Amino acid sequence: MSDVGEAVRGRFPVFRDKVYVNSCSQGALSDAVRAAYEEYLDGWDENGAEWGHWVERSETARAAFAGLLDVLPDDVAIQTSVSAAVSGLVSALRFGGERRRIVISEYEFPTIGQIAHAQELRGAEVVHVEADPEAYAAAIDERTALVCATFVSYRTGAVHDVESIHRIARAHGALMLVDGYQGLGALPLDANAAGDVVVGGTVKYLLASAGLAFMALRPGLVEELLPTQTGWFADENVFEMQIERYRPHRSARRFDAGTPPVPSIYAGVAGVGLIEAAGVPAIAAHVRGLVGRLLGGLDEIGARVPARPEGPLVCIRSTDAPALVEALAGDGIVASERDSNLRVSFHLYNTDDDVDAVLAALTRHRALLA
């Protein structure tokens with residue numbers, strides 16, 4: 001068994017009395033993130049406005065996300081959510097000409113689907129496909145402006161072949177957006193091969209809180225995109241305080257917004273620090289072992305999964321998923337549900353004992369399995 005889980009488990013107080021297998025919804029709270037919030041509050045209390053330090057923290061977060069994705073900090077934008085980041089991206093696209101098609105899979109998070117369909121007000125045509133390269137290939141052509149694909153499905157746990165989809169999009173001159181939220185931090189992702197733009201945030205496998213997200217653009221792409229959704233911190237010189245003209249920053253900072261989400265940035269830097277310390281390859285190997293153990297046990301009790309997962313999230317069919325989540329909560333197990341599936345997700349802090357506790361509980365509640 002990998003020792004990754006035992007090495008860090010004590011830094012997450014929730015494990016004192018619970019089995020936490022819900023990173024797909026919210027990462028567990030660590031002592032590092034709690035201390036980061038306290039650092040922010042203490043500094044504010046002691047020094048008043050710390051704008052210089054707060055801006056430095058934002059740049060530290062930008063560099064941390066860049067390191068996670070193996071890109072340059074100047075190619076990373078800081079945002080408050082993936083919704084805000086993607087809205088800024090599509091504001092730079094034009095749908096009035098021949099390229100007006102947006103292709104999305106049936107397994108996108110609502111963020112992507114809702115923003116895509118909002119562009120119909122600007123002349124876009126939205127096409128839904130199955131989440132496999134062949135289906136994308138049938139829909140992508142010279143009319144396609146944007147292709148969207150999720151890295152890991154929040155509905156099934158399937159890891160999608162975003163690199164193959166990106167090759168198809170590139171062959172037709174379309175921009176490729178990858179939603180990496182459900183995998184980044186637990187699975188490696190080569191941002192340069194995966195898409196032209198990769199988005200993600202800190203509330204799940206990056207072990208921080210809501211309110212902080214990022215968008216990484218391939219080198220040189222920012223020079224081709226001029227967003228109309230903007231804000232104070234997207235300006236070429238933030239503290240010049242000019243209001244005479246639109247002057248977007250020359251880097252990906254042109255996709256930043258207004259005042260940075262300072263408390264969430266403190267937490268985000270701390271959360272990503274835990275990921276960096278363990279190393280994504282080691283985390284991925286550890287999680288793979290836990291998922292394999294769970295799948296073996298599910299086979300033994302006759303449970304069904306909609307997709308054989310290659311990532312941290314396992315979805316298990318249920319006759320009443322909300323009731324099953326509630327039953328597990330009664331056993332001290334924190335999980336979640338979507339689409340008639342129980343969702344069990346693992347991260348660096350989980351152990352074989354957590355897997356066995358989930359399997360024992362599912363055996364007790366076998367009547368709620370489909």
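In this predicted model, seven strands form an open sheet with the order β2-β8-β7-β6-β5-β3-β4 and mixed pairing. The edges are taken by β2 (76–79) and β4, each of which has a single partner strand, so one side of each is left without a neighbour in the sheet. On average, and with direction ignored, neighbouring strands of this sheet are turned by 20° against each other. Strands of a sheet pair through backbone hydrogen bonds, either parallel or antiparallel. Within the seven-stranded sheet, β6 and β7 run parallel and are joined by three bridges, and V178 stands opposite V198 in β7.

Two helices can be placed with respect to these strands. Helix α4 lies across β2, β5, β6, β7 and β8, and runs at about 155° to β7. In helix α5 (residues 110–118), the buried residues include T111, I112, G113, I115 and A116, and what covers the buried residues of α5 includes α4 (82–90), β3 (101–105), β4 (125–129), β5 and β6 (175–179).

Strand β5 (residues 144–150) contains T144, which is buried, with a relative accessible area of 0%. Leaving aside neighbours within four places in sequence, T144 is in contact with R99, R101, V103, A139 and A174.

A second buried position, L212, belongs to the loop between β7 (197–201) and β8 (213–217). L212 has a relative accessibility of 1%, and since buried means under 20%, L212 counts as buried. When residues up to four places away in sequence are not counted, L212 touches F65, I78, Q79, T80, Y181, G201, T202, P261, S264, I265 and G268. One of these contacts, S264, is 52 residues from L212 in sequence, yet the two are 5.8 Å apart in space, C-alpha to C-alpha. Y181, another residue that L212 touches, has K204 over the face of its ring, at 5.6 Å from the ring centre.

The structure also holds an open sheet of three strands, with the order β9-β12-β11 and antiparallel pairing. Here β9 (313–317) and β11 (336–338) stand at the edges with a single partner strand each, so one side of each has no neighbour in the sheet. The twist from one strand to the next averages 35°. Five bridges join β9 to strand β12 (residues 341–345), and these two strands run antiparallel; in β12, R343 is the bridge partner of C315. Helix α10 packs on this sheet, where α10 touches β9 and β12, and its direction makes about 15° with that of β9. Helix α11 (residues 321–330), for its part, lies across β11 and β12 and runs at about 45° to β12. Although β9 is an edge strand, four of its five residues are buried, so β9 is largely enclosed by the rest of the structure.

The helix angles stated above are set out below.

| Helix | Strand | Angle |
|---|---|---|
| α4 | β7 | about 155° |
| α10 | β9 | about 15° |
| α11 | β12 | about 45° |

The largest nonpolar core has 95 residues, of which L298 and L362 touch the most other members. Helix α10 (residues 280–301) gives the most to this core, with 10 residues. Not counting residues up to four places away in sequence, L298 touches A303, V305, V314, I316, L359 and L362. Apart from the largest core lies another one, of 33 residues, among them A77, V82, A145 and L146.

Aromatic side chains form a further set of contacts, and a search of the whole structure finds 12 aromatic pairs. In one of them, the rings of W232 and F233 have their centres 4.8 Å apart and their planes at 75°, so the pair is edge-to-face, the class for planes over 60 degrees apart. The two residues differ in exposure: W232 is partly exposed, with a relative accessible area of 32%, whereas F233, at 10% relative accessibility, counts as buried. Both belong to a cluster in which ring pairs link Y40, W44, W51, W54, W232, F233, F239 and Y266.

Conventions
Residues are numbered from 1 along each chain as its sequence is written. This is a predicted model: local features need pLDDT of at least 70, side-chain atom pairs count only at pLDDT 80 or more; totals for chains, interfaces and linings use all residues. Side-chain values use heavy atoms; hydrogens and water are left out. Rings of Phe, Tyr and Trp (its six-membered ring) pair if their centres lie within 6.5 Å; planes under 30 degrees apart count as stacked, over 60 as edge-to-face and the rest as tilted. Buried means under 20% relative accessible area, exposed over 50%, partly exposed in between (1.4 Å probe, protein chains only). A charge sits over a ring if NZ of Lys or CZ of Arg is within 6 Å of the ring centre and within 35 degrees of the ring normal. A nonpolar core is a set of buried Ala, Val, Leu, Ile, Met, Phe, Trp, Tyr and Cys residues joined through side-chain atoms within 4.5 Å. Contact means heavy atoms within 4.5 Å. Two strands pair if DSSP finds at least two bridges between them. Axes are lines fitted to C-alpha atoms, for helices over the stretch in contact, and angles run from 0 to 180 degrees between N-to-C directions.
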